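Here is a quick tour of a structure you can turn around on your screen as you read. We'll stop at one helix, a helix pair, a loop residue and then a whole chain.

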Amino acid sequence: MYEIITPILLLSFLCAMIGSLAAITLPRVWTILTLIALMSAFGAGCFVLFTHTSWQWESSFSLSETPVFLQLDALSSFFLLLLAVVAIAGTIYARSYWPDSRYPHSSVQGRLWWNLMLTGMVLVLIASNGLYFLLGWELFAVSAFFLITLDSHNPQVRNAGWLYLAASHAGTIVLFAFFTTLAVHTGSWELGPVTHLPELKPLFWLALLGFGIKAGIFPLHIWLPSAHANAPSHVSALLSGVALKIGMYGIIRFSGWLPLPTLAGWVLAGAGCTSAVLGVAFALGQHDLKRLLAYHSVENIGIILMGLGFGIVALEHGLPYWGILALAGGLLHIWNHGLFKALLFFGAGAVLQTTKTREMSTLGGLWRCMPWTAGLFALGSLAICGLPPLNGFVSEWLIYSGLLTASTLVTPLSLGAATIAVLLSITSALALACFIKVCGVVFLGAPRSRQAENAKECDWNMRTAMLVLAGACVTIGLLPTLVWPVLMRVASTWSPSALPNIPPALISLGNAHLLLAVLGVVTVLGMLVFVRNKIHRAPTWDCGYVRPTPRMQYTAGSFAGIITAWFSSILRPVTYQLRPTTFFPVKATDISHTPETVLKYLIQPVGRVFIVLGDLATSFQHGRIQSYILYLFMALLVLVGAVTMVHLW
Amino acid sequence: MNDIFHLLIGLVVGLNLLALGTGRLPVLIQAVAGQGVLLGLLPLILKYPHWDWQITLLTLATIAGKGFFIPFLLNRAMRTANISREMEPFIGYIPSLLLGATATIMAVVVTRHLPLLPEHAGSFHVPAAIALILTGFILLIGRVKAISQVCGYLILENGIYLFGLLLLHSTPMLVEFAILLDIIVSVFVIGIIVNRIQRAFDSLDTRKLTTLHE
C-alpha cells in the first residue's frame, strides 16, 4: 500500500536538489521544481495521514555502519504538511520579495539555501535514526543561518545571524549529548519507543533543553526576536511558521518515545504559561513590526506547550477525554500558528518592501494604499488573537475545553488546570490588545512619514502567497470537524490509545463558525450596498488643538504604555525623556524601547565573565616555547600527582 | 656485569650534570653524544651473555646514530648557521645544576615508591631514566638557543630510551630501530629548520620567535 510513497518522496528530493542547481541561473525553473518537490511532499503527507498507513524505508547505504532508515508516520506527516504549505507560499512570495533585479547576489544564495533548509527539515522529520536526525538537524540549522544573513551588508543582520548560530549550536551540543546517551543505552542509533527503560527518564530534560532552544521556549528564545526581525520576510515566515515547529516536533516525538519523568507534563505546561504570558508582554513593548511578530511566536509556542503539557499530565491519568481535547488543541495550534504567523510575516514583508522600514511609529494609514495587504494582515491578526470564526479560535477553544473540563473534577489537578486556563485567557486578551495596536498604528490613522504616504500595494505573487495561507486559516476555522480525524491519528501515533469520535461540541462550533462567517459576509456586503453612499468624510475631531498633525496620533509605545508598565519589572523598558521645563515651547524628546531582557541581563553578563576569563588566559599565550614546555611539564606533574592520589586511596 | 651497568649509568648521569653546567654549545653536544654512546652499550650489558646478531646490530646502530650521526648533524647546523657558541640561558648554570641534582635525588626517592618488578627494584636503571627525562625538561625550559633545546630534547629522548630498555626482553628489535630512525629524522629536520630560522631572522634566539603566538 505504502510503496507508492517511496517514488513520491524520491521525486520530491530530486526536484529539490535539481532545483537548487537551477537556482543559480534559472529562477523560473527553480520555482517550478521547488513547487513540484513541495507538492509531492504534501501529497505523501496527505497519503499517510488519510490512509492510516505509515511509510518505512531502509537503504543499503550506511554511514559508520548505520544504514539510512527513514520513516514517515502520522506525526511526521502532520509536520510535513505544514512545512509544505508554508514553503509553497514562501517560494511564490520569494519570487517577488527577493528578486534578482534588486538583490543580484543574495537572491541566488537565497534560493540555494532555501532548498537546502527545506531538505534538512524534511530529513529531520523522516529520519528514524539518531545519526541522520543530527545530520538533517545541522543542515537545517546552518542553512537557516545563511538565509537569515542574506542581507549580510547590514551589521544588525550579521549580529542577529551570529546570535542565532551560537544559540543553535548550543542546542545542537545538547542534542548530541542526548542522542549519544540514548544510543549508548539502547545499543544502536535507531530511534523508537524506549519507554521500557526507566533509567532514561532524565534524558527527557536534555531533549527539552536542546529542542526548546530551537522551539523558542521562554527563556531559551534569546536568538528568536532578532533573527526573525532581521531575516528576509519569507525566511522569517519559514523560521517562525516551520523551523520553530521542528523544535516542537522533537519535543512531541521524544515525549512520546521516552519514559517521562513525573513532573514532565507540569513543567511543560508551566514553561508554556511563562512563554505565553511573557511572550505577549514583550510583544506589546516592541515598536519594530517584525520583532513584535517574533515575540508572538514565543507566545504561541507557549500556547502549544500548554496543550501538550496538559496532555502529558493527562497521560498519567490514562489520557481521559479532557486530556485528549487539550492535546488536540495543542497539536492543531501547531498548524494554525504556522499558517497565520507566516501570513502575518508576509504582510509585514509587503509593508517593509514598499516603505523600507519596520518601525511602526513611522507608518500609518496604509489601509488606503495597500488594501489587500491590510485586509489579509487583519485576517491573520484575527486568527492569531483567537477570535471566531477563524482557526486560532478552534485550537484555543479545544485547549480551553480540556482545561475547563479538568478543572471541574475534584482532584488536585483541577487547580492547576484552572490556573492554566486563566493564564491562557490573559494571554489571549493581551494578544488582542497587541494586534489592535499593530493594525491601528500601521494600517489605520494618517501616514506618519513620506514613505507611508507613498506606499504601494504588493504584486500578485505576494498576494497569492498570502491568499493561500489565509484560505487555509479560514478553512480550518469554518470546517474544524475535518481536521479532528487527523489530530486523532497524530495523537494515537504519539501515544497509542483509543480514538474518540468527533466531540459534538466541535461540530456545533463548526456550525456556529459557518453561521458567523455567513452573517459577517452578509453584513459587509449589506454595508457596501446600502450604507456606502451615506458615508460622509469630515475632519477628525481635534480635541481642541489648533492644528492636528499625524504626529499627534497614538504611537506604538503610547498605545501599549499602560500594559507594558504592568510588566515593567520583567520587561525593563529603557526610556529617555527630555521634558520642556519652561513656559515656552522648546525641543522635547521621549524615546522608549524594550530590549531583550533575558539576553541583556542574564546571557550577556555571563558572557562577559567568560570574556574576562579568556582575556586573563591569553596572558599565558605569549609565544615563548620554553614556557610552553614548562606548562606541559607542570600538567604532567599534576596528572602524575592525581593518579598517585587515586592509587593511594 | 651489574657493576659495569652501574658504572655506565653513573657516567650517563654525570654527563647530565655536565650538560646542565656547561656554558658552551660544543661541550653540550659532546655530552649528548657521550650519553648516546654509553646508552648504546647498555643493551649489550643487559643481554650478557646471550648476544646475537640483532643485539649487536642494535648496539652499533644506536652508537652510530646517537653518538656520531646526530652530533655531526648538530655540529654542522651550528657551523652553517654561524652562531655564537655561548648559550645565554634563561635559568643560570648554577641554578640549572642545582635543579638537575634535585631532580636526580627526587628520581631516586620517587622510584622507591613505584610498583616495579623485583629485578628492576634494586638497580639505578629507573631513577636514571627519570633523571634523564627531568634533565631534558630543564634544558628545554631553561635554554634559549634552538640547538641547545634540541640537545634537551635528545636527553629527554635518551631517558625514554633508557625506560624502554626495561622491556628489552619483550620489545621486538624492529620497534627499537623505528624509534631510532624517528629521532634521526627529526634531528635532521630540526637541523634544516635551524638553518632556515638563522637565515630568515638572523638569530636563533627562540625568544624572538614569539610573533606567531596568536
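In this predicted model, the buried residues of helix 14 of chain A pack against quite a list of partners: helix 11 (289-316), helix 12, helix 13 (366-369), helix 15 (391-407), helix 16 (412-443) and helix 18 (460-478), again of chain A. Helix 14 is mostly covered, with ten of its 14 residues buried. Among them are A:Phe377, A:Leu379, A:Gly380 and A:Ser381, and the run A:Leu382, A:Ala383 and A:Ile384 is on the list too.

Does the length add up? Helix 14 covers residues 371-384, and at 1.5 Å a residue its 14 residues should span 20 Å; the end C-alpha atoms are 20 Å apart, so the two agree. After helix 14 comes A:Gly386, which has a positive phi, near 70°.

Helix 12 also has a partner worth a look. How do you describe such a pair? Two packed helices are described by the angle between their axes and the distance between the axes. For helix 12 (residues 321-355) and helix 19 (residues 480-494) of chain A, the axes come within 10 Å and cross at roughly 105°. Angles of 65 to 115 degrees count as roughly perpendicular, so that is what helix 12 is to helix 19. Here is who makes the contact:

| Helix of chain A | Residues in the contact |
|---|---|
| Helix 12 | A:Ile324, A:Leu327, A:Ala328, A:Leu331, A:Leu332 |
| Helix 19 | A:Val483, A:Leu487, A:Val490, A:Ala491 |

The residues of this contact divide into nine nonpolar, no polar and no charged.

Now for a loop. A:Asp151 sits between helix 5 (130-148) and helix 6 (155-186) of chain A. Is A:Asp151 buried or exposed? Neither, quite: A:Asp151 has 17 other C-beta atoms within 10 Å, so it counts as partly exposed. Setting aside neighbours within four places in sequence, A:Asp151 is in contact with A:Ser106, A:Val157 and A:Pro232. A:Tyr93 is 58 residues away from A:Asp151 along the chain, and their C-alpha atoms are separated by 17 Å.

Last stop, chain B. Chain B has eight helices and zero strands. Its radius of gyration is 18 Å, close to the 17 Å that the globule rule gives for 214 residues, so chain B is as compact as a globular protein of that length. The C-alpha atoms fill a box of roughly 50 × 35 × 30 Å along the principal axes, and 36% of the 214 residues count as buried. Of the contacts in chain B between residues at least 6 apart in sequence, 74% join residues at least 24 apart.

Note on methods:
Residues numbered from 1 in each chain as written. Chains lettered and ligands numbered in written order. Predicted model: local features only at pLDDT ≥ 70, side-chain atom pairs only at ≥ 80, totals over all residues. Axes fitted to C-alpha atoms, helices over the stretch in contact; angles between N-to-C directions. Helix = DSSP H or I, 4+ residues; strand = E, 2+ residues; numbered from the N terminus. Parallel < 35°, antiparallel > 145°, perpendicular 65-115°, else oblique. Contact = placed C-beta atoms within 7 Å. Nonpolar A, V, L, I, M, F, W, Y, C, P; charged D, E, K, R; others polar. Expected span 1.5 Å × (residues − 1). Buried ≥ 20, exposed ≤ 12 C-beta atoms within 10 Å, placed from the backbone. Rg over C-alpha atoms; globule rule 2.2 N^0.38 Å.
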